[in-house]
Amino acid sequence: MHIAVTGTHGIGKTTFIDDFTSVHDYQSVPESYWLLEQQGMPFANGATITDLEVQLAESCKLILNHDDDRDVIFDRCPLDFLAYLEVVSAGEGFAWLPSGRELANISKALAMLDVVIFVPLASPDEIPIQIERPRLRSQVDRCLKTMLREDDLGLLHNGPRIVEVAGSRAQRVEMANSLLGLT
């Protein structure tokens, strides 16, 4: 099964993946930001359209490059970057939309996924430390919720199943196990 975990920054996606892979034999693929940074790509201080476009393309590439692998779980997917691009571009006074080529690549990558696990922002916040850019964080969470529920770009109608997990670390894994039929 190919799974991607989506959610705003500082929500516990990587922690969830660590917890999930500790009980399931899944290959974990880090998010594109960390992989690109390890390759020496310089990123701006803060979310920029250019950086997010690069991460979106890399996210698609990561998923497509694992098409033959069994049981893979990805930290983030193209939906994350679409949400960030929408929020950041709105803050800059315009609406970012993917080109036809980007949209086709995004659709192809999402079609490779069986499941997208959404980790929403909780209230009160379960993360005990102050997370950077809290306003961006909440805006991206709202944007992701809308994208996942309304599918304005038509990316999910034949794509992955969407499941949402919440609660404590153990509860999130338990919910995923139950919703995915895993033991």
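Which way do V72, I73, F74 and D75 point from strand β3, and are they buried or exposed? That's where I'd like to start today. One caution before the answer: this is a predicted model.

Okay, so β3 covers residues 72–75. V72 and F74 point one way, I73 and D75 point the other way, and all of them are buried. As a reminder, in a regular strand the side chains alternate between the two faces of the sheet.

Who sits beside this strand? On one hand there's β1, residues 2–6, which pairs with β3 in the parallel sense over 4 bridges. If you want to find that pairing on the screen, look for H2, which stands opposite V72 in β3. Then there's β2, residues 27–29, also parallel to β3, with 3 bridges. Here the residue to look for is S28, standing opposite I73.

Now let's move to helix α3, residues 49–65. A quick sanity check on its geometry: it has 17 residues, and at 1.5 Å a residue they should span 24 Å. The end C-alpha atoms are 24 Å apart, so that agrees.

A good number of residues in α3 are buried, among them I49, L52, L56, L62 and I63. The list isn't just greasy side chains, by the way: D51, Q55, E58 and S59 are on it too. And what do the buried residues of α3 pack against? They pack against β2, α2 (32–38), β3, α4 (78–91) and α5 (100–111). So β3, our opening strand, turns up again there.

Let me zoom in on two residues of this helix. Q55 lies in α3, and at 7% relative accessibility it counts as buried, because the cut-off is under 20%. Setting aside residues up to four places away in sequence, Q55 touches S32, Y33, L36, F43 and F81. S59 is in α3 as well, and at 4% relative accessibility S59 is buried too. Leaving out neighbours within four places, S59 contacts S32, R76, C77, P78 and F81. You'll have spotted S32 and F81 in the contacts of Q55 and in those of S59. For anyone who likes helix geometry: an α-helix has 3.6 residues a turn, so residues three or four places apart point the same way.

R76 brings me to charges. How many salt bridges does a search of the whole structure find? It finds 7. I'll go through a few of them.

One is D80 with R76, where the closest N and O atoms are 2.8 Å apart. D80 is buried, at a relative accessible area of 0%, and R76 is buried as well, at 6%.

Another is R133 with E132, and there the closest N and O atoms are 3.3 Å apart. R133 is partly exposed at 31%, while E132 counts as exposed at 56%.

Then we have R149 with E164, at 3.7 Å between the closest N and O atoms. R149 lies in helix α6 (residues 134–150) and E164 in strand β5 (residues 161–164), so this pair ties together parts that are 15 residues apart in sequence. As for burial, R149 is exposed at 60% and E164 is partly exposed at 36%.

One last thing on charges: salt bridges that share partners join E31, R76 and D80 into one network. If you're scrolling through the model later, have a look at R76, which is in that network and also in contact with S59. That's it from me.

Notes
Residues numbered from 1 in each chain as written. Predicted model: local features only at pLDDT ≥ 70, side-chain atom pairs only at ≥ 80, totals over all residues. Heavy atoms only, no water. Buried < 20%, exposed > 50% of the residue type's maximum accessible area, 1.4 Å probe, protein only. Helix = DSSP H or I, 4+ residues; strand = E, 2+ residues; numbered from the N terminus. Pairing = 2+ DSSP bridges. Expected span 1.5 Å × (residues − 1). Contact = heavy atoms within 4.5 Å. Salt bridge = Lys/Arg side-chain N within 4 Å of Asp/Glu carboxyl O.
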